[in-house]
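Colleague: Got a minute to walk me through this one? I'd like to go from the basics down to the odd spots.

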Amino acid sequence: MDYIDPHNHMVSRTTDDYERLARGGCVAISEPAFWAGFDRGSAEGFRDYFRHLTEVEPKRAAQYGIQHYSWMCINAKEAEDVKLGREVIAVLPEFLDRPNVLGVGEIGLNKNTPNECTIFEEQLALAIERDELVLIHTPHLEDKYMGTRMILDMLAAHGAKPERVLVDHVEEHTAKIVLDAGFWCGMTLYPITKCTPARSTDVIERFGTERVTVNSAGDWGPSNPLAVQDFIFEMRARGHAEATIRKLVHDNPLAFFSQCKRFSFTPRS
Ligand SMILES: [Zn+2]
């Protein structure tokens, strides 16, 4: 089945992974800007990273017939340094107009600190001013519920349009508050933390398929860039219809991304 992985950090994966993604049906990837495994020392480090995302990865993906898109931001972890955060925000407009950029992301919270909130809100304001799509990282484990509530409050305070925002890494206890507020949500399929394919399927059986996406969030740590394929396998094993699975792994991300005027996905014929 053709599928789109809406959240996969290919800068941290090998070219062999691109080949395995393509063989398993992946036709498009979106790659949010994130933490690079170490704290960068300057805004220039981010400028090079954004060039990597917008110039290098699309070519690497294209070798395997995969269309590659990206998102621009300073992530929550490095946003703890507000001065650096503001210097990086000043760089973002150079990249947001590039043809393969879908919007601002993954902005969000890591440890739910005041500094993280400051930089989150400044990037959200930039996105709203430019009418960009927004992709949001919610914190891990014990910080997730509180952080998700804080993010929903800030989105409401800024008047963000729910249909233009995807709140990612939702789990059983946060999916409903995100969906009830009208936002899109993403479930991340991680081997240990976040959702497994089985847990994600449980969430879909409880809350339905509207505005729901699934992703691998392949990154530097223990993660599986092919996890969406495992999700498809789990859904099939439970007897879900092919059309339902395709909606979750292909049509839903396509519908969300299609709101970006620069998105020019060509489905395989
Ligand atoms: Zn990520």
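Modeller: Sure, one convention to start: helices (H or I, at least four residues) and strands (E, at least two) are DSSP runs, numbered from the N terminus. Residues are numbered from 1 along each chain as its sequence is written. Bear in mind that this is a predicted model: local features need pLDDT of at least 70 and side-chain atom pairs count only at pLDDT 80 or more, while totals for chains, interfaces and linings use all residues.

Colleague: OK, so how many helices and strands are there in the protein?

Modeller: The protein has 9 helices and 8 strands. Its radius of gyration is 17 Å, close to the 18 Å from the globule rule for 269 residues, so it is as compact as a globular protein of that length. That radius is taken over C-alpha atoms, and the rule is 2.2 Å times the number of residues to the power 0.38.

Colleague: And what box do the C-alpha atoms fill?

Modeller: Roughly 50 × 40 × 35 Å, taken along the principal axes.

Colleague: Tell me about the sheet. What's the strand order?

Modeller: It's an open sheet of 8 strands, ordered E1-E2-E3-E4-E5-E6-E7-E8, with parallel pairing. Strands count as paired if DSSP finds at least two bridges between them. E1 (3-5) and E8 (212-215) are at the edges with a single partner strand each, so one side of each has no neighbour in the sheet. From one strand to the next, the twist averages 25 degrees.

Colleague: Let's zoom in on E4. How many of its residues are buried?

Modeller: 8 of its 8. Buried means 20 or more other C-beta atoms within 10 Å of the residue's own, exposed means 12 or fewer, and partly exposed is in between, with C-beta atoms placed from the backbone. On one side, strand E3 (residues 67-72) pairs with E4 over 3 bridges, and Ser 70 has Val 101 as its bridge partner. E4 (residues 101-108) also pairs with E5 (residues 133-137), over 5 bridges in the parallel sense. Gly 105 bridges to Leu 135 in E5, and Ile 107 to Ile 136.

Colleague: Where's the cis peptide bond?

Modeller: Between Gly 105 and Glu 106, with omega at about -5 degrees. Glu 106 sits in strand E4.

Colleague: What lies across E4 and E5?

Modeller: Helix H4 (residues 114-130), running at about 160 degrees to E4. Axes here are lines fitted to C-alpha atoms, for helices over the stretch in contact, and angles run from 0 to 180 degrees between N-to-C directions.

Colleague: Now the core. Which residues have the most contacts inside the largest one?

Modeller: Met 72, Val 134, Val 165, Leu 166, Val 167 and Cys 185, in a nonpolar core of 75 residues. Such a core is a set of buried Ala, Val, Leu, Ile, Met, Phe, Trp, Tyr and Cys residues joined through C-beta atoms within 7 Å. Leaving aside neighbours within four places in sequence, Val 134 is in contact with residues including Val 104, Ile 107, Leu 124 and Val 165. Contact means that the two C-beta atoms, placed from the backbone, lie within 7 Å.

Colleague: Switching to helices: how do H2 and H3 pack?

Modeller: H2 (residues 43-62) and H3 (residues 82-96) pack at about 35 degrees, with axes 9 Å apart. On the H2 side, the residues that meet H3 are Ala 43, Phe 46, Arg 47, Phe 50 and Thr 54. Their counterparts in H3 are Leu 84, Glu 87, Val 88, Val 91 and Phe 95.

Colleague: And what do the buried residues of H8 pack against?

Modeller: E1, helix H7 (197-207), E8 and helix H9 (242-257). Those buried residues of H8 (residues 227-237) are Ala 227, Val 228, Gln 229, Phe 231, Ile 232 and Met 235. Just after H8, Gly 239 takes a positive phi of about 85 degrees.

Colleague: Glycine, fine. What is phi at Arg 211?

Modeller: Near 60 degrees, a positive value in a residue other than glycine. Arg 211 is in the loop between H7 and E8, and it counts as buried because 20 other C-beta atoms lie within 10 Å. Ala 217 also has a positive phi, about 45 degrees, in the loop between E8 and H8. Ala 217 is buried too, with 26 other C-beta atoms within 10 Å.
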